[in-house]
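Work through these exercises with the structure open beside you. Try each task before reading its solution.

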Amino acid sequence: MIHCNLSVLLAERRLKISRVAADTGISRTTLTALAYNNCQGIQMNTLNSLCMYLDITPDQLLSFAPVDVSVERVAGTTEKLEALFSVRDRVQTRRCTLYGRVVCTTEGQEVKNVVVDLKHGADDFDGFAGLYVALRDLPHIFISDIETALFKQIMATVLEEYAPVGKRIETGFRVVWPTNDEGQDTD
């Protein structure tokens, strides 16, 4: 997994995207995508300009973890959530389906808080073990990226009535992940 640390670097320097765009000539769209870790790639001249402007090296802008954890599918209801994850390391890809529920706090038609409780376990011990080890060893910023991807899929499927097309929902979001002390030994 690769994560762009631009938002942290800008916050540390008290810089706004509009200022960086004006100073470097890099488009606001590109900078926003990088800051929100939403980009598909980065041009070498953009990387060079950012490194020179921020006085950093590429490894300070980009973080790498030698595993990919992705949310492949989310289905079900708020009471019976099913989330399929894929865990790929250098050797193999494992799939694991976690089960749980979604608890929402709403105010009128707006979602204020979402807690995804995935403590109900997995359909495959080996897959769960791979996911557990990957999550245990990943830096927090990567786990946050996975949770954001999970949130997007939950909003698009399970909670679609709260997310009409074009409506932006500002919400608190937390995932309760299963751990190996819940009856499964993962080592």
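**Exercise 1. Start from Asn5: list what it touches, then place it.**

Step 1. Leave out residues up to four places away in sequence; Asn5 then touches Gln60, Leu61, Leu62 and Ser63. Contact here means heavy atoms within 4.5 Å.

Before going on, note the ground rules. This is a predicted model, in which local features need pLDDT of at least 70 and side-chain atom pairs count only at pLDDT 80 or more, while totals for chains, interfaces and linings use all residues. Residues are numbered from 1 along each chain as its sequence is written, and side-chain values use heavy atoms, with hydrogens and water left out.

Step 2. Find Asn5 in the loop between strand S1 (2-4) and helix H1 (6-13). Helices (H or I, at least four residues) and strands (E, at least two) are DSSP runs, numbered from the N terminus.

Step 3. Look at the side chain. A polar contact of 2.8 Å joins Asn5 to the side chain of Ser63. Such a contact is a pair of N or O atoms within 3.5 Å; within protein, one must be able to donate a hydrogen and the other to accept it, and residues adjacent in sequence count only if both atoms are side-chain atoms.

Step 4. Is Asn5 buried or exposed? Its relative accessible area is 13%, so Asn5 is buried. The classes are buried under 20% relative accessible area, exposed over 50%, and partly exposed in between (1.4 Å probe, protein chains only).

**Exercise 2. Take stock of the whole protein chain.**

Step 1. Count the elements: the chain has seven helices and seven strands.

Step 2. Read them from the N terminus: β-α-α-α-α-α-β-β-β-β-β-α-α-β.

Step 3. Check burial. Of the 187 residues, 37% are buried.

Step 4. Check how far contacts reach along the sequence. Among contacts with a separation of 6 or more, 60% join residues 24 or more positions apart.

**Exercise 3. Describe how helices H2 and H3 meet.**

Step 1. Take helix H2 (residues 17-24) and helix H3 (residues 28-35). Their axes come within 9 Å and cross at roughly 130 degrees. Axes are lines fitted to C-alpha atoms, for helices over the stretch in contact, and angles run from 0 to 180 degrees between N-to-C directions.

Step 2. Classify the angle. That value makes H2 oblique to H3. Angles under 35 degrees count as roughly parallel, over 145 as roughly antiparallel, 65 to 115 as roughly perpendicular and the rest as oblique.

Step 3. Name the residues that make the contact. H2 supplies Ile17, Ser18, Val20 and Ala21, and H3 supplies Arg28, Leu31, Thr32 and Ala35.

**Exercise 4. Map the sheet, strand by strand.**

Step 1. Which strand order does the open sheet have? The five strands run S3-S4-S5-S6-S7, with mixed pairing. Two strands pair if DSSP finds at least two bridges between them.

Step 2. Mark the edges. Strand S3 (68-76) and strand S7 (172-176) each pair on one side only. The twist averages 25 degrees from one strand to the next.

Step 3. Add the helix. Helix H7 (residues 140-156) packs on the sheet and touches S3, strand S4 (81-88), strand S5 (93-107), S6 and S7. The direction of H7 makes about 20 degrees with that of S3.

Step 4. Trace the hairpins. S3 and S4 form one with four residues between them, and their antiparallel pairing covers eight bridges. Ser70 stands opposite Ser86 in S4. S4 and S5 also form a hairpin with four residues between them. They too pair antiparallel over eight bridges, and Glu82 has Tyr99 of S5 as its bridge partner.

Step 5. Turn to the parallel pair. Five bridges join strand S6 (residues 110-117) to S7. Val114 has Phe173 in S7 as its bridge partner.

Step 6. Check the cover of S4: six of its eight residues are buried.

**Exercise 5. Characterise Glu72.**

Step 1. Place Glu72 in strand S3.

Step 2. Read its exposure. Glu72 is partly exposed because its relative accessible area is 33%.

Step 3. Find its neighbours. Beyond four places in sequence, Glu72 touches Leu84, Ser86, Arg95 and Gln153.

Step 4. Focus on Ser86. The side chains of Glu72 and Ser86 make a polar contact (3.2 Å). The two residues are 14 apart in sequence, and 6.6 Å apart C-alpha to C-alpha.
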